[in-house]
Amino acid sequence: MEHQVFEQQGHHIVSLTGEIDLETSPAARKILLDTVDTSTKLLIDMASVTYIDSSGIAILVEAFQRAKKKGGQVAFISLNPAVVRVLSLARLDKVFSIHADMESAIHAQP
Amino acid sequence: MTNNPMHLGLILMAASDSPDVQILMHSFSAYGFELHLVSDGETALSSIPTLKPDLIFLDVTQPGLSGFDTCLQLKEQDETKHIPVIFVTTPTDTVSTVKGFSVGAVDYVTKPFQIEEVIARITTHLKIRNLQVLLEEIIANLQTEVAERQRAEEALQETMRMVQEANDRMKNDLAAAARVQQALLPDILPTFPGVGFAWTYRPCSELGGDSLNVFPLNDDHVGLYVLDVSGHGVSASLLSVTLSRVLIPRRDPSCLFIQSTGSPDTETLASPAEIATRLNRMFPMSEDGRQYFTLIYGILNIRTGEFRYTCAGHPPPLYLSPNQELRSCEIGNVPIGLFEDSQFDEGIIQLEPGGRLFLYSDGVLEAKNESKEIFGEDRLQKILEATQRGPLQASVDGIVKSALDWTGTQQAQDDLSILAFEWTPAVNTETPTKLDTQVILSHRFSARATDLSPARTMTRTALNNHGWHSDIVEDIVLAIDEACQNIIRHAYGGECDEPITLSIELHDHNLVVVLEDHAPTVSPDCMNPRAFDDIRPGGLGCHFMRQVMNTVSFEPSSTGQGNCLRMVKSVG
């Protein structure tokens, strides 16, 4: 798994690539939580995430909950069908803020 | 001091000649001492190299260089500083007495001389001097001995360091060689429609002499072998590695497995007997008579289930029919390399659908317990029958475990190699058969997070090859992945090198996934689904498994130990 973190229009964007599984989720967790701690507007770009399992879902929930606690916002961008399937199995597709692209996500986070 | 018993010592005296001195000279002579009289200190100093006195008397009142200065010069020189000096003073001259001691004298005598007293003092100081000499010799000898020991110890340490270095180099070389050998074992067995393979390889030391492999020969035929080089260690391993390289099919005319006719269109496969004959020519036994090998090589026709093979000095294959009849398929040939003109017979085993064939090295049957009783065919048969309904890999693992349990150790006494396959031909719509089971994938891997991604890739590939929709494939991949995580985290209690065995079979229109481990038994209660926001490890994964699979259940392990999870997905 690889990642990039950058800022755009006041939003911190974490772009993840590859598989988030038992092996890679500890690294992904650190990246997300570190960014949540320094940002109030976080967008997680998952366009290049090809696989996610329960350990990956768990860190998304943790980042989401931590951001909420400090009054921040987290949204997800460009989920591919495999990731959407797992989010829906976890019934998180109705809980998370999910957007088709970065532009709509930025508009939705004023 | 001289060694003459009549001459107890030479005494040099610097003093003016006087009646006292004359009396002293006579008395000394009577007691066995020789007295050499000089008149002053300079003469005393210059005569010492020649006379080599054992003791010196210096008169504090002597003319010329004073007794004290003479004594100081004596004590400054290494050659003379050890010679005992006794001052001659007058009874009232306390100052000289004290000064005499301060410049290095060992004693003093007063005039007029009391002969017995002087003799007693001389005797005492000569004894002390002799003891000093003796002690110095002992110390010198000890120092020499200590130095020699130190040199010997340093030499020993240097030798030990060199041995350690050589040992480390050898260990590294052996580990590197073992890695080379491991790299030549099938990492992931190729998948063929209608046949599932399983294998295990346990070298008895870091380097083993066994080798095995499976490889496609053409669209319909698969080649497979197990070989066992005589002996163990480096030489056996080197030959084993060489054979592993030779026994890899290549697309060139020199390939061992192709019976070349000069035209690629008319190439035919070399028969097992021909392969054995070629190897026998290529690898004649070395002159020391220690390097030969046993081999079982066969060609499986994956469409017809015919297994044509030759067995050169190797244990015969065991065929387990679907109705649990076990048959040893013996054909007698000598090992490869023993005789230049050996002929090799062939055998044919016609597998029935669901039949399993086991090729193995002699380390399996000949594993001995403490009473030197061998594991034997009967015990092997019981394991094979008991595990027949489980995944093939579990059956192979069960054999190894039972053989090691039999020996009472987890280190194999001999290399243990087993290669097995189950023939489950695909249902042919044109010629319907009773067969309703098809092996999709049989894979074993370590309980490590890094092994999960390759396992997912293999599962995806195997399922995609059968044309199921990607949504179904991804659901099954997810369920298997979550189950493996639970095995790693909960059954094994963390990552380890213990195995996870995955088997996917198609039973009619149901994909049956079986995952087995060797961990302590886990309570099925942990499989209860939790609320979706319960993100404790395991809870969400179990939820996923139950969501995407039709059934998820714990079953008794086919090997009688560990856990067995069975998940079914309808693909009808």
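**Close-up views of chain B**

**View 1. Parallel pairing of strands β1 and β2 in chain B.** In this predicted model, strand β1 (residues 9-14) of chain B runs parallel to strand β2 (residues 33-38) of chain B, and the two are joined over six bridges. Within this pairing, Ile11(B) is placed opposite Leu35(B) of β2(B). Between the two strands the chain passes through helix α1 (residues 19-31) of chain B, and the resulting β-α-β crossover from β1(B) to β2(B) is right-handed.

**View 2. Chain B and its assigned domains.** Chain B contains 13 helices and 22 strands, and 50% of its 572 residues are buried. The domain assignment of chain B lists domain 1 (9-137) and domain 2 (436-572), and the C-alpha centres of domain 1 and domain 2 of chain B are 105 Å apart. Of the contacts in chain B that link residues at least 6 apart in sequence, 64% are between residues at least 24 apart.

**View 3. Helix α10 of chain B and the residues that follow.** Helix α10 (residues 392-407) of chain B has 16 residues, for which a span of 22 Å is expected at 1.5 Å a residue, and the 23 Å between its end C-alpha atoms agrees with this. Because 14 of the 16 residues of α10(B) are buried, the helix is largely enclosed by the rest of the structure. Gly408(B), just after α10(B), adopts a positive phi of about 75°. Thr409(B) belongs to the loop between α10 and β17 (416-423) of chain B, and its relative accessible area of 29% makes Thr409(B) partly exposed, since that class lies between the 20% and 50% limits. Leu224(B) and Thr409(B) are separated by 185 residues in sequence and, C-alpha to C-alpha, by 30 Å in space.

**View 4. Helix α12 of chain B.** The 22 residues of helix α12 (residues 470-491) of chain B extend over 30 Å from the first C-alpha to the last, which is close to the 32 Å expected at 1.5 Å a residue. Burial is recorded for 16 of the 22 residues, and α12(B) is accordingly described as mostly covered. Gly493(B) follows α12(B) and has a positive phi, near 75°.

**View 5. Ser503 in strand β19 of chain B.** Ser503(B) is located in strand β19 (residues 499-507) of chain B, and it counts as buried because its relative accessibility is 4%, which is under the 20% limit. Leaving aside residues up to four places away in sequence, Ser503(B) touches Pro391(B), Leu441(B), Val512(B), Val513(B) and Val514(B).

**View 6. Asn563 in the loop between β21 and β22 of chain B.** Asn563(B) sits in the loop that lies between β21 (551-555) and β22 (564-570) of chain B, and at 6% relative accessibility this loop residue, Asn563(B), counts as buried. The side chain of Asn563(B) makes a polar contact of 3.0 Å with the side chain of Asp517(B), and a polar atom of the Asn563(B) side chain lies 3.1 Å from the backbone oxygen of Pro520(B). Both of these partners also appear among the residues that Asn563(B) touches, not counting residues up to four places away in sequence, a list that includes Ala491(B), Leu515(B), Glu516(B), Asp517(B), Ala519(B), Pro520(B), Thr521(B), Val522(B) and Phe554(B).

Key:
Residues are numbered from 1 along each chain as its sequence is written. Chains are lettered from A and ligands numbered from 1 in the order in which they are written. This is a predicted model: local features need pLDDT of at least 70, side-chain atom pairs count only at pLDDT 80 or more; totals for chains, interfaces and linings use all residues. Side-chain values use heavy atoms; hydrogens and water are left out. Helices (H or I, at least four residues) and strands (E, at least two) are DSSP runs, numbered from the N terminus. The expected span of a helix is 1.5 Å times one less than its number of residues. Buried means under 20% relative accessible area, exposed over 50%, partly exposed in between (1.4 Å probe, protein chains only). Two strands pair if DSSP finds at least two bridges between them. A crossover is right-handed if, with the strands pointing away from the viewer, the path from the first strand over the helix to the second runs clockwise. Domain bounds come from an automatic or database domain assignment. Contact means heavy atoms within 4.5 Å. A polar contact is a pair of N or O atoms within 3.5 Å; within protein, one must be able to donate a hydrogen and the other to accept it, and residues adjacent in sequence count only if both atoms are side-chain atoms.
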